[in-house]
Each structure stands twice: as C-alpha cells, then as structure tokens.
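Got the model open in your viewer? Let's take a walk through it, one selection at a time.

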Amino acid sequence: MTDHPASRPSRRERPAKPALTRDGIVRTAVALMRAEGLQRVTMRRLAQELDTGPASLYVYVRNTAELHAAVLDDLLGGVDLSPVRGDGDWRDRLVRVLTSYTDVLFEHPGLARSALVARPSGERYLDLVEALLALLDEGGVPGPRAAWGIDALLQFVTATAAEHAAGEKDAADSAGEWAALSAAVRGASGERHPHIAELGSDLLSGPGEARLHWGLQVLINGVLHTPRPDTPDVPGTPPPTDTP
C-alpha cells in the first residue's frame, strides 16, 4: 500500500498572481537584466518570469525596444544629478553629471550598446535632460544651441561607454584586438601613412578617463562657440562664458 501523492492545487486554490502593471513589468525586467544580462530580457523570457503569456505584456509594452528603453530609464535613476545644485564651475559640474551617466552604462555593457538606439522617454531621462539644460543655461549657452548640444554630448558618452564597457567579449579577445591595433599603428609605413607614423604614440596614449574628459571639454567648447545653422543668435544676448 502506498501513500497517495500530494494532489496539485487547483487554480482556485493557488495564490492570486499580482496584477500586471507597466511598473511591475519594468522592475522584473531590470531584475532579470541584472541576473542574466540584457540579451535575456525578451518578451518571452519576461512572460515566463511573470508567469503569464507574452501577449499579456504587449498591453503595457509595445515591443522589446520599448522595454529596453524603459529599463534604461529606470537605471538612469542612478545618475548623480546633485552637481546641478552644487557649487563650482558649471562646466566641471556638467562633466560630473555626464561622467556619472557614463558610469551607469559601464556597469551594464549590454545596456550601453542598446542605449545607442534606444529612445527613453521616462521621467528619469527627462530629469537628466533637464539637468544638462540647466547647466548649459547657467553657462550662458543660448537655448536652441543647448537643445542640440545635449544630443551631441549624450551621443559621445553613450558611444564611449558602448565601446569600452566590458561585456560579452572575452578579455583575451579584447587584449588580442588591442595588441593587433597597436602593432599596426606602430608599424605604419611612413610613406603610405605618414601622419599615423608620426603620431603613432599619441594615437595610442592616455587613459580612458582622460580621453573622456578631454572629449567632453571639446564638445562643450564647441557648443559654446558654434551657432546653430537655423537659429541666429538673439541680438543683445551676452556671449557665453569663455573657455578657461
């Protein structure tokens, strides 16, 4: 005589599942990304995690691209915006905010690459944009120029994070690629590639942080002194604060 196996509870006896919400879906997607990487954050995998069907998710999120944009927006809550209200030169504070944004992307390499094409539209992204505009306004940058300027600044730091963030690529492969590039640059022919031959050491020099900081200064100075083609500067507008 054997014991009867425990009977499976009926649907009525199971605990009720929490109702689906967009916030709940995004929170689960963020947790899934932290545990398994962004490449695993698909509608099917997310539905499995939420014990529902993929079709149910499309009521709240239109597609995977929108889901990744929502995940990015959630993580943007980690960007340090406190420099906006701090003391000191506005350019230094602008660089600190953008560096904090870059650090967030460095922590999530898959997301850094996705951020190149994602179009976040959540509150945290708007908070970031508002912070950047406020600092450019403090520096005397005309509004229309600042509106285009933040696009260039965010593209630069996002691309930098996507290029350098460690991710799926094997460390040995990365080292091998760098060694091959270094050898090619240092061994460039002075006849065929005279500029590369002359500047080989400079092309390969400098830590990433220094290059990022310098690149941001170049862009900020460009925004300060380059009028938008479709919007002449308003007569009487005081010139932006000059570069140090």
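Which residues does Ser100 touch, not counting residues up to four places away in sequence? Select Ser100 and look around: you should find Gly78, Val79 and Asp80, where touching, or contact, means heavy atoms within 4.5 Å.

A quick word on what you're looking at. This is a predicted model, with residues numbered from 1 along each chain as its sequence is written. Local features need pLDDT of at least 70, side-chain atom pairs count only at pLDDT 80 or more, totals for chains, interfaces and linings use all residues, and side-chain values use heavy atoms, with hydrogens and water left out.

**Stop one: helix α5**

Stay with Ser100, which sits in helix α5. Helices here are DSSP runs (H or I, at least four residues), numbered from the N terminus. Ser100 has 12% relative accessibility, so it counts as buried; the cut-offs are under 20% relative accessible area for buried, over 50% for exposed and partly exposed in between, with a 1.4 Å probe and protein chains only.

Now select all of α5 (residues 90-107) together with α7 (residues 123-138): they pack at an angle of about 160°, with axes 9 Å apart. That makes α5 roughly antiparallel to α7, a label for angles over 145 degrees. The axes are lines fitted to C-alpha atoms over the stretch in contact, and angles run from 0 to 180 degrees between N-to-C directions.

Want the side chains? On α5, show Trp90, Arg93, Leu94, Val97, Leu98 and Tyr101; they meet Leu128, Leu132, Leu135, Leu136 and Glu138 of α7. By class, that contact has nine nonpolar, no polar and two charged residues. Here Ala, Val, Leu, Ile, Met, Phe, Trp, Tyr, Cys and Pro count as nonpolar, Asp, Glu, Lys and Arg as charged, and the others, Gly among them, as polar.

**Stop two: the core**

Next, the largest nonpolar core, with 53 residues. Such a core is a set of buried Ala, Val, Leu, Ile, Met, Phe, Trp, Tyr and Cys residues joined through side-chain atoms within 4.5 Å. Try selecting Leu67, Leu94, Leu98, Tyr101 and Leu132, the ones with the most contacts inside this core. The helix giving the most to this core is α5, with eight residues.

Zoom in on Leu98. Leaving out residues up to four places away in sequence, Leu98 touches Leu132, Leu153, Leu154, Val157 and Leu216.

**Stop three: α8 and α11**

How do α8 and α11 cross? Their axes come within 10 Å and cross at roughly 165°, so α8 and α11 are roughly antiparallel to each other. Among the residues making the contact are Gly149, Leu153 and Val157 of α8, and Leu212, Leu216 and Leu219 of α11. By class, the contact of α8 with α11 has ten nonpolar, four polar and two charged residues.

Move on to Arg228, in the segment after α11. Buried or exposed? Arg228 is buried, with a relative accessible area of 16%. Its contacts, not counting residues up to four places away in sequence, are Pro144, Arg145, Ala147 and Trp148. Measure with your viewer from Arg228 to Gly149: they are 79 residues apart in sequence and 9.5 Å apart in space, C-alpha to C-alpha.

**Last stop: Asp51**

Finally, pick Asp51, in the loop between α2 and α3 (54-57). Asp51 has a positive phi of about 55° although it is not a glycine. At 52% relative accessibility, Asp51 counts as exposed.

How values were computed. Helices (H or I, at least four residues) and strands (E, at least two) are DSSP runs, numbered from the N terminus. Angles under 35 degrees count as roughly parallel, over 145 as roughly antiparallel, 65 to 115 as roughly perpendicular and the rest as oblique.
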